[in-house]
Amino acid sequence: MLKRLIDNHFKLAEHGTDVKTEVIAGITTFLTMAYIIFVNPSILSESGMDYGAVFVATCVASAIGCLIMGLWANYPIALAPGMGLNAFFTYGVVMGMGYSWEAALGAVFLSGFTFFLLSVFRIREWIINSIPMSLRLGIAAGIGLFLAMIALQNAGIVVANDATYVALGDLTEPSALYALLGFFVITALAHLRVTGAVMIGILGVTILAILLGHNEFGGVMSMPPSIAPTLMQMDIAGALDVAMLSVVFAFLFVDLFDTSGTLVGVAHRGGLLDENGKLPRIGRAMMADSGASMAGAALGTSTTTSYIESTAGIASGGRTGLTAVVVGALFLISLFFSPLAGSIPAYATAGALLYVAVLMAGSLAHADWEDATEAAPVLIAALAMPLTFSIAEGIALGFISYAAIKALSGRFRDLNPAVVVLALIFAAKFLFLD
């Protein structure tokens with residue numbers, strides 16, 4: 001009876017799959033993205049948020065996103081707090097711009113709510129089609145470089161310098177050595193297509209550091225910590241400040257394009273696109289993503305988004321939402337492993353951040369370097385993010401440079417109203433609000 005209900009709801013037979021295959025696919029996807037359980041609390045806690053509460057929020061928000069995606073949209077796509085946006089939350093908005101983490105959570109909620117409205121009223125396609133591909137590539141690469149800078153800084157590989165701003169740190173320090181070892185191991189395992197390469201690297205470095213006396217072991221399992229310190233602490237009124245407009249837009253913009261790219265990429269890999277090359281039920285998938293972001297902000301974590309690591313489950317045969325449901329269940333089980341998460345040092349996650357940076361920076365290969373009017377904005381957006389330590393500033397400078405260069409080159413046909421309006425808004429912000 002239960003098997004029939006599952007088959008009818010997820011349409012397993014129609015997709016040429018079965019319960020066993022979907023469960024294996026779900027476990028595979030979870031193993032490739034479980035590193036977020038350790039990395040997200042590590043990053044967000046630096047903003048002043050309670051580590052244990054963020055750990056719980058990460059697991060629950062991920063589970064909510066996966067369950068909505070699986071049960072409602074019926075896609076084998078898993079969700080969790082996005083890499084890059086969590087770093088922007090802490091190092092850009094809170095530590096860089098001086099806003100409270102409560103206001104930053106408010107900005108996450110507003111961006112998720114806006115994303116939800118765009119999905120309901122089907123405006124998302126117009127926005128996606130209005131943004132030039134070169135800007136999308138530059139922004140993706142910039143986030144990767146931003147993560148790389150954070151990883152190198154956390155490991156002490158890059159340090160501050162009064163004369164040159166940055167300089168090489170002491171590579172003989174344990175933190176630098178462990179971070180580099182983790183990066184080397186993760187990259188090698190990923191190349192060898194080992195499932196869970198990132199998590200293996202993080203846990204391997206942590207265990208080695210404990211054995212050598214450089215880290216303390218806090219245990220493996222316990223009851224989940226209290227989520228009270230972050231639950232419903234978002235400051236929406238604070239996020240409505242005019243100066244926060246670029247922050248809300250940055251969260252929205254990155255989530256919108258990250259989600260769109262992930263959905264299409266994963267669906268293409270799994271043969272889930274229709275005869276016209278479009279994704280059926282994309283509205284439901286988008287609303288699952290935006291709903292998870294709002295829920296995550298209420299719980300106490302940065303933007304929750306669809307994960308490209310879902311392709312690992314697709315490659316293992318996952319074709320329906322049952323895969324995502326399995327991932328969601330595993331995130332809930334992870335709630336009982338908070339002592340293990342608390343034992344993970346920053347240098348153990350630095351290697352993982354650096355590896356994710358490599359993947360994201362790869363988008364630079366797709367830029368049109370023969371056309372200077374396309375290549376220049378790509379480089380401006382990509383370099384501005386790590387050098388200003390802000391995804392929002394990188395996006396803004398990318399739009400301004402694209403519009404200005406195209407206009408001065410007489411390439412008005414390459415401009416559209418959305419790009420021009422956004423470029424003017426960002427320029428006005430720099431001139432009058434900064």
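**Reading cysteines, a hairpin and a buried glutamate**

Trainee: How many disulfides does a search of the whole structure find?

Mentor: A disulfide is a covalent bond between the sulfur atoms of two cysteines. In this predicted model, the search finds zero.

Trainee: Why is there no bond between C59 and C66?

Mentor: Their sulfurs are too far apart: the cysteine sulfur closest to that of C59 belongs to C66, and it lies 11 Å away. A disulfide needs the two sulfur atoms within 2.5 Å. Seen from C66, the closest cysteine sulfur is that of C59, again at 11 Å.

Trainee: Are C59 and C66 buried or exposed?

Mentor: C59 is buried, its relative accessible area being 0%. C66 is buried as well, with a value of 0%.

Trainee: How do strands β2 and β3 run, and how many bridges join them?

Mentor: Strand β2 covers residues 158-161 and strand β3 covers residues 165-168; they run antiparallel, joined by four bridges. In one of the pairings, V159 has A167 in β3 as its bridge partner.

Trainee: What joins β2 to β3 along the chain?

Mentor: A hairpin does, through three residues.

Trainee: Where is E374, and is it buried or exposed?

Mentor: E374 sits in helix α18, which spans residues 372-388. The residue is buried, because its relative accessible area is 16% and the cut-off for buried is under 20%.

Trainee: Which side chain makes a polar contact with the side chain of E374?

Mentor: That of K406, at 2.7 Å. Setting aside neighbours within four places in sequence, the residues in contact with E374 are S134, D368, Y402 and K406.

Key:
Residues are numbered from 1 along each chain as its sequence is written. This is a predicted model: local features need pLDDT of at least 70, side-chain atom pairs count only at pLDDT 80 or more; totals for chains, interfaces and linings use all residues. Side-chain values use heavy atoms; hydrogens and water are left out. Buried means under 20% relative accessible area, exposed over 50%, partly exposed in between (1.4 Å probe, protein chains only). Two strands pair if DSSP finds at least two bridges between them. Helices (H or I, at least four residues) and strands (E, at least two) are DSSP runs, numbered from the N terminus. A polar contact is a pair of N or O atoms within 3.5 Å; within protein, one must be able to donate a hydrogen and the other to accept it, and residues adjacent in sequence count only if both atoms are side-chain atoms. Contact means heavy atoms within 4.5 Å.
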